[in-house]
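Me: I am just starting to read protein structures, and I get lost when I look at everything at once. Please pick one small part, look at it closely with me, and then show me how the rest is laid out around it.

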Amino acid sequence: MRRRLALVGTVLALAACGQAYKLRPLRPEETSVLAAAANPLLRQLGYMRPPAPCRYGVSFNDVEGRELEVVRSNSTEVCLSFYLTNGALSLPPAGLRALIAHGLGHLHLDHTTTTGRRVSTRTGRGTQSVSEQARLYTPEEETAADRYAANLLAAVTPGPQGEGCLALGAVLERAVAEGS
Ligand SMILES: [Zn+2]
């Protein structure tokens, strides 16, 4: 009986801790990938103005799931914090940028989320990390964040080749992925 209680306690503790976390610092080349995707957006939004350009912190979770979130930092060292997974960082550059733009949309539109929002689910192949994020933003908020992202991406990459449109396509692709 005691043993069963202990097991229940362990399961609850694991659930409370959320999904599998394999947090590690970004490698230099990964930092460059993130900066290349994020900096033009942050510059466009006025975060990079001298003399105090925004320094952002990164929590990197080395798991396959595709998650990215941008929050305001309450530290004096950094102005924004990125939480992202390897699945997000591994996206093609336009997709990664679109995902960041979407995250900035949630941030700037003041969409609030609850804490402890990530959980792991069991699948046939074992425990798989998934995002519960999509369930906590309303469909209206997701649409608004996508619209915000599309405008931001168009402002950053209005190029004659229609890069903004490509990026928007990536946003929509994200929405499909997030919703499934
Ligand atoms: Zn979203």
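**A close look at G87 and its surroundings**

Reply: Let's begin with G87, which is partly exposed because 18 other C-beta atoms lie within 10 Å of its own. A residue needs 20 or more such neighbours to count as buried, and 12 or fewer to count as exposed, so a count in between gives the middle label. Please keep in mind that you are looking at a predicted model.

Where does G87 sit? Its place is in helix 3, which covers residues 86–89. Leaving out residues up to four places away in sequence, G87 touches V63, E64, G65 and R66. One of these partners, V63, is 24 residues away along the chain, yet the C-alpha atoms of G87 and V63 are separated by 6.5 Å.

Now step back a little along the chain to L84, which belongs to strand 3 (residues 80–85). Is L84 buried or exposed? L84 is buried, because 25 other C-beta atoms are found within 10 Å. If you again skip residues up to four places away in sequence, L84 touches F60, E67, L68 and L89. V63 gives us a second distance to look at: its C-alpha atom and that of L84 are separated by 9.4 Å, with the two positions 21 residues apart along the chain.

Strand 3 leads us to a sheet. Strands of a sheet pair through backbone hydrogen bonds, and they can do this in a parallel or an antiparallel way. Here, 3 strands form an open sheet in the order 1-3-2, with mixed pairing. Strand 1 (56–61) and strand 2 (68–72) are the edge strands, each pairing on one side only. On average, neighbouring strands of this sheet are turned by 15° against each other, direction ignored.

You can follow the mixed pairing strand by strand. Strand 1 and strand 3 run parallel and are joined by 6 bridges. Try finding Y56, whose bridge partner in strand 3 is L80. Then find F60, whose bridge partner is our buried L84; F60 is also among the residues that L84 touches. On the other side, strand 2 and strand 3 run antiparallel, with 5 bridges between them. Look for V71 here, as its bridge partner in strand 3 is S81.

Moving on along the chain, we come to helix 4. Its 16 residues, 93–108, reach 22 Å from the first C-alpha to the last, close to the 22 Å expected at 1.5 Å a residue. Helix 4 is mostly covered, with 13 of its 16 residues buried. Just after helix 4 comes D110, in the loop that leads to strand 4 (119–123). D110 counts as exposed because it has 7 C-beta neighbours inside 10 Å.

D110 also has a backbone detail that is good to know. Most residues other than glycine have a negative phi, and most peptide bonds are trans. D110 is not a glycine, but its phi is positive, about 55°. For the peptide bond, look at P50 and P51: they are joined by a cis bond, with omega about 5°. P51 lies in the loop between helix 2 and strand 1.

That loop brings us to helix 2. Two packed helices are described by the angle between their axes and the distance between the axes. The axes of helix 2 (residues 28–44) and helix 6 (residues 139–156) come within 10 Å and cross at roughly 95°. The two helices are therefore roughly perpendicular to each other. Where they meet, P40, L41 and Q44 of helix 2 face L152, A155 and V156 of helix 6. Sorted by class, this contact has 5 nonpolar residues, 1 polar residue and no charged ones.

Helix 6 itself has 18 residues, which should span 26 Å at 1.5 Å a residue, and the 25 Å between its end C-alpha atoms agrees with that. Its buried residues are E142, A145, A149, A150, L152, L153 and V156, and L152 and V156 also take part in the contact with helix 2.

Finally, here is the whole chain. It has 7 helices and 5 strands, and from the N terminus on they run α-α-β-β-β-α-α-β-β-α-α-α. Of its 180 residues, 27% are buried. Among contacts with a separation of 6 or more, 66% are between residues 24 or more positions apart. Our pair G87 and V63, 24 residues apart along the chain, is one of the contacts you can now find by eye.

How values were computed
Residues are numbered from 1 along each chain as its sequence is written. This is a predicted model: local features need pLDDT of at least 70, side-chain atom pairs count only at pLDDT 80 or more; totals for chains, interfaces and linings use all residues. Helices (H or I, at least four residues) and strands (E, at least two) are DSSP runs, numbered from the N terminus. The expected span of a helix is 1.5 Å times one less than its number of residues. Two residues are in contact if their C-beta atoms, placed from the backbone, lie within 7 Å. Axes are lines fitted to C-alpha atoms, for helices over the stretch in contact, and angles run from 0 to 180 degrees between N-to-C directions. Angles under 35 degrees count as roughly parallel, over 145 as roughly antiparallel, 65 to 115 as roughly perpendicular and the rest as oblique. Ala, Val, Leu, Ile, Met, Phe, Trp, Tyr, Cys and Pro count as nonpolar, Asp, Glu, Lys and Arg as charged, and the others, Gly among them, as polar. Two strands pair if DSSP finds at least two bridges between them.
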